[in-house]
Amino acid sequence: LNKLPFARDFIKNQSGAHASSYPDLTVTYVKGRKPELFVYDDGVQIEKVSLVDFQSVGAIHDLMKSKGFARAEPEAEEAGAAAAEL
């Protein structure tokens with residue numbers, strides 16, 4: 001993932017702003033493999049998308065939305081803390 005900064009940031013960022021913000025997304029690390037999104041319906045793989053060519057984290061978020069993934073709403077406490085910091 002080191003050569004793929006946008007995919008790396010989306011997958012590994014632990015701030016809750018990227019991959020971890022999708023409750024229906026499971027990240028599985030496979031050493032030596034390039035990052036791919038596998039889309040399942042009722043346990044059957046229906047699509048595979050390589051994340052190698054995405055040029056921004058926003059583009060990966062757009063992909064997730066187009067595949068029907070919804071981001072979790074921030075916790076009320078976290079949202080209040082974020083507003084207080086502004």
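Where is Pro35 found? Pro35 sits in the loop between helix 1 and strand 1, and I shall begin my presentation with this residue. Please bear in mind throughout that the structure shown above is a predicted model.

Pro35 is buried, its relative accessible area being 10%. Setting aside residues up to four places away in sequence, Pro35 touches Leu1, Leu4, Ala7 and Ile11, and also Val49, Ser50, Leu51 and Val52. Another pair to look at is Pro35 and Arg8: 27 residues separate them in sequence, while their C-alpha atoms are 8.6 Å apart in space.

Let me now turn to the overall arrangement. The protein contains three helices and two strands, and along the sequence they follow the pattern α-β-β-α-α. Of its 86 residues, 23% count as buried. The protein exposes about 6,500 Å², of which carbon and sulfur atoms supply 50%. As for contacts with a separation of 6 or more, 48% of them are accounted for by residues 24 or more positions apart.

I come next to the interior. The largest nonpolar core has 16 residues, and the members that touch the most others are Phe10, Tyr22, Leu25, Leu37, Leu51, Leu63 and Met64. At least two residues of this core come from each of helix 1, at 5–12, strand 1, at 36–41, and helix 2, at 57–66. Which element gives the most to this core? It is helix 2, with four residues.

Phe10 deserves a closer look. Leaving aside neighbours within four places in sequence, Phe10 is in contact with His18, Ala19, Tyr22 and Leu25, and further with Val57, Ile60, His61 and Met64. Phe10 is also one of the buried residues of helix 1, together with Ala7 and Ile11. Around the axis these residues cover an arc of only 90 degrees, which puts them on the same side of helix 1. The buried residues of helix 1 pack against helix 2.

Helix 2 itself has the buried residues Val57, Ile60, His61, Leu63 and Met64. Viewed down the axis of helix 2, they fall within an arc of 155 degrees, so they line one face of the helix. Their cover includes helix 1, strand 1 and strand 2. On the face turned away from the buried side, helix 2 carries the exposed residues Asp62, Lys65 and Ser66. After helix 2 comes Gly68, with a positive phi near 95 degrees.

That brings me to backbone geometry. Most residues other than glycine have a negative phi. Asp42, however, is not a glycine and has a positive phi of about 55 degrees. Asp42 is placed in the loop between strand 1 and strand 2, the latter at 44–50. Is Asp42 buried or exposed? With a relative accessibility of 76%, Asp42 counts as exposed.

I turn now to the charged side chains. How many salt bridges does a search of the whole structure find? The search finds three. In one of them, the side chains of Arg33 and Glu36 meet at 3.3 Å, N to O. Arg33 is exposed, at 52% relative accessible area, whereas Glu36 counts as partly exposed, at 27%.

Glu36 also forms a salt bridge with Lys48, where the closest N and O atoms are 3.8 Å apart. This pair links distant parts of the chain, with Glu36 in strand 1 and Lys48 in strand 2, 12 residues apart. Lys48 counts as partly exposed, with 48% relative accessibility. Arg33, Glu36 and Lys48 are thus linked in a network of salt bridges.

A further salt bridge joins Glu47 to Lys67, with the closest N and O atoms 2.7 Å apart. Here too the pair links distant parts of the chain: Glu47 belongs to strand 2, Lys67 to the loop between helix 2 and helix 3, and their positions lie 20 residues apart in sequence. Both partners are partly exposed, Glu47 with a relative accessible area of 29% and Lys67 with 28%.

I close with the surface. Leu1, Val27 and Tyr29 form a nonpolar patch there, and their accessible area together is about 260 Å². Of these, Tyr29 lies in the loop between helix 1 and strand 1, which is also where Pro35 is found.

Note on methods: Residues are numbered from 1 along each chain as its sequence is written. This is a predicted model: local features need pLDDT of at least 70, side-chain atom pairs count only at pLDDT 80 or more; totals for chains, interfaces and linings use all residues. Side-chain values use heavy atoms; hydrogens and water are left out. A nonpolar core is a set of buried Ala, Val, Leu, Ile, Met, Phe, Trp, Tyr and Cys residues joined through side-chain atoms within 4.5 Å. Buried means under 20% relative accessible area, exposed over 50%, partly exposed in between (1.4 Å probe, protein chains only). Contact means heavy atoms within 4.5 Å. Accessible areas come from the Shrake-Rupley method with a 1.4 Å probe; for residues, only the protein chains shown count as cover. Patches are made of residues with over 30% relative accessible area and no salt bridge: like charges are joined within 9 Å, nonpolar side chains (Val, Leu, Ile, Met, Phe, Trp, Tyr) within 5 Å. A salt bridge is a side-chain nitrogen of Lys or Arg within 4 Å of a carboxyl oxygen of Asp or Glu. The arc is that of the directions from the helix axis to the C-beta atoms.
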